[in-house]
Amino acid sequence: MPVEITWWGHATCTVEDSDVRVLTDPLFVRRLAHLRRRRGALPPPRARHAAVALVSHLHADHLHVPSLARLAPGTRLIVPRGALRALPALRRLAHLRVIEVAPGDETTVDGLVVRAVPARHDGRRLPLGRHRSPALGYVIAGEARTYFAGDTGLFDSMADEVGPVDVALLPVGGWGPYLGKEHLDARRAAEALARLAPRSAVPVHYGTYWPIGMGAVRPHEFHAPGEEFVRLAAERAPDVAVHRLGHGESVRLEVAR
């Protein structure tokens, strides 16, 4: 049975495995603070329907309460441990089933096993950030093992922490002209791909949001990361099939067992 990946833009994806839909870092708005969606239509209403939604960390472009409020009633919402304390507004989402997790925790949803894994990224809710929560990635295990990296830098134990996977959803850019070490750019993402050695990969977290008024500042950092990742992945991990999707596009991946 194939697994289907749909990229809605930024870090928002739908992973459908064994007829179960998993949504990652839901973000359903055209504007967020100083960021504006510059490419791709907003995710359609059907994108809000999933058995479970995964939140990788507390930054507002990944944990966006108004977008979470649009999820269908009964959706399980998996968030980093401490999120409810750091962001009391989550408690008002009474229509969702909120589950806090830390690295190593597993949650079973309709036969899929979702395992939280470490990420190398600031987990605070910025700009205040008084409470800390771990930044996470997730491995979704069903017919396939799909790794959603969230937002992370490259770290030495990444392959050991994640384990064997069939598909990797890797961030390759950001929403601004400069990326720090706690992010993957196209080159670091290609290195991560070489270490993880999945069968397939989909680049995410690029070419969607950009600061208002900064369209002329290092525009290649907005437009180029996807293509650059494809090129670098072919050099560093030639056995991995890389699928660069447009906003709203899907790919069905056969998984051999």
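Two strands are taken to pair if DSSP finds at least two bridges between them. In this predicted model, strand β2 (residues 12-17) and β3 run antiparallel and are joined by five bridges.

## The β2-β3 hairpin and its neighbour

Strands β2 and β3 form a hairpin with two residues between them, and S18 in the turn has a positive phi of about 55 degrees. Across the hairpin, C13 stands opposite T24 in β3. Strand β3 (residues 20-24) is mostly covered, with four of its five residues buried. Strand β3 also pairs with strand β6 (residues 52-54): the two run parallel and are joined by three bridges. Here the bridge partner of T24 is L54 in β6.

## The open sheets

An open sheet of seven strands follows the order β9-β10-β11-β12-β13-β14-β16, and its pairing is mixed. Its edges are β9 (106-109) and β16, each with a single partner strand, so one side of each has no neighbour in the sheet. Within this sheet, strand β12 (residues 145-148) runs parallel to strand β13 (residues 167-171), and three bridges join them. F148 has L169 in β13 as its bridge partner. Helix α4 (residues 186-196) packs on the sheet, where it touches β12, β13, β14 (200-204) and β16; the direction of the helix makes about 160 degrees with that of β13.

An open sheet of three strands has the order β4-β5-β15, with antiparallel pairing. Strands β4 (31-32) and β15 (209-211) are its edge strands, each pairing on one side only. Strand β5 (residues 35-37) is joined to β15 by three bridges, and the two run antiparallel. One residue pair in this register is R36 with its bridge partner W210 in β15.

## Nonpolar cores

The largest nonpolar core has 55 residues, of which I5, Y138, Y147 and F229 touch the most other members. Helix α4 supplies the largest share of this core, six residues. With its neighbours within four places in sequence left aside, I5 is in contact with T14, V15, T146, V167, L169, V202, L245, E249, S250, V251 and L253. Another core lies apart from the largest one; this core has 22 residues, among them W8, F28, L71 and A89. As a general rule, nonpolar side chains in soluble globular proteins tend to be buried together.

## Aromatic pairs

How many aromatic pairs are there? The count comes to two. W7 and Y206 form a stacked pair, at 5.2 Å centre to centre and with 10 degrees between the planes. This pair links distant parts of the chain, as W7 lies in strand β1 (residues 3-9) and Y206 in the loop between β14 and β15, 199 residues apart. W7 has a relative accessible area of 1% and is therefore buried, and Y206 likewise counts as buried at 3% relative accessibility.

W210 and F222 form an edge-to-face pair, at 5.5 Å centre to centre and with 75 degrees between the planes. The pair connects strand β15, which holds W210, to helix α5 (residues 220-223), which holds F222; the two residues are twelve apart. W210 is buried, with a relative accessible area of 0%, and F222 is buried at 2%.

## Salt bridges

A search of the whole structure finds eleven salt bridges. Three of them are listed in the table.

| Salt bridge | Closest N to O distance |
|---|---|
| R21 and E16 | 3.8 Å |
| R218 and E221 | 2.8 Å |
| E227 and R244 | 3.6 Å |

Are the residues of the R21 and E16 bridge buried or partly exposed? R21 is partly exposed, with a relative accessible area of 26%, and E16 is partly exposed at 25%. In the second bridge, R218 counts as partly exposed at 31% relative accessibility, as does E221 at 22%.

The third bridge joins E227 to R244. E227 lies in helix α6 (residues 225-236) and R244 in the loop between β16 (241-242) and β17 (250-253), so the pair ties together parts that are 17 residues apart in sequence. R244 has a relative accessibility of 42% and counts as partly exposed. Elsewhere, R145, D166 and R199 are linked in a network of salt bridges.

Conventions
Residues are numbered from 1 along each chain as its sequence is written. This is a predicted model: local features need pLDDT of at least 70, side-chain atom pairs count only at pLDDT 80 or more; totals for chains, interfaces and linings use all residues. Side-chain values use heavy atoms; hydrogens and water are left out. A salt bridge is a side-chain nitrogen of Lys or Arg within 4 Å of a carboxyl oxygen of Asp or Glu. Buried means under 20% relative accessible area, exposed over 50%, partly exposed in between (1.4 Å probe, protein chains only). Contact means heavy atoms within 4.5 Å. Axes are lines fitted to C-alpha atoms, for helices over the stretch in contact, and angles run from 0 to 180 degrees between N-to-C directions. A nonpolar core is a set of buried Ala, Val, Leu, Ile, Met, Phe, Trp, Tyr and Cys residues joined through side-chain atoms within 4.5 Å. Rings of Phe, Tyr and Trp (its six-membered ring) pair if their centres lie within 6.5 Å; planes under 30 degrees apart count as stacked, over 60 as edge-to-face and the rest as tilted.
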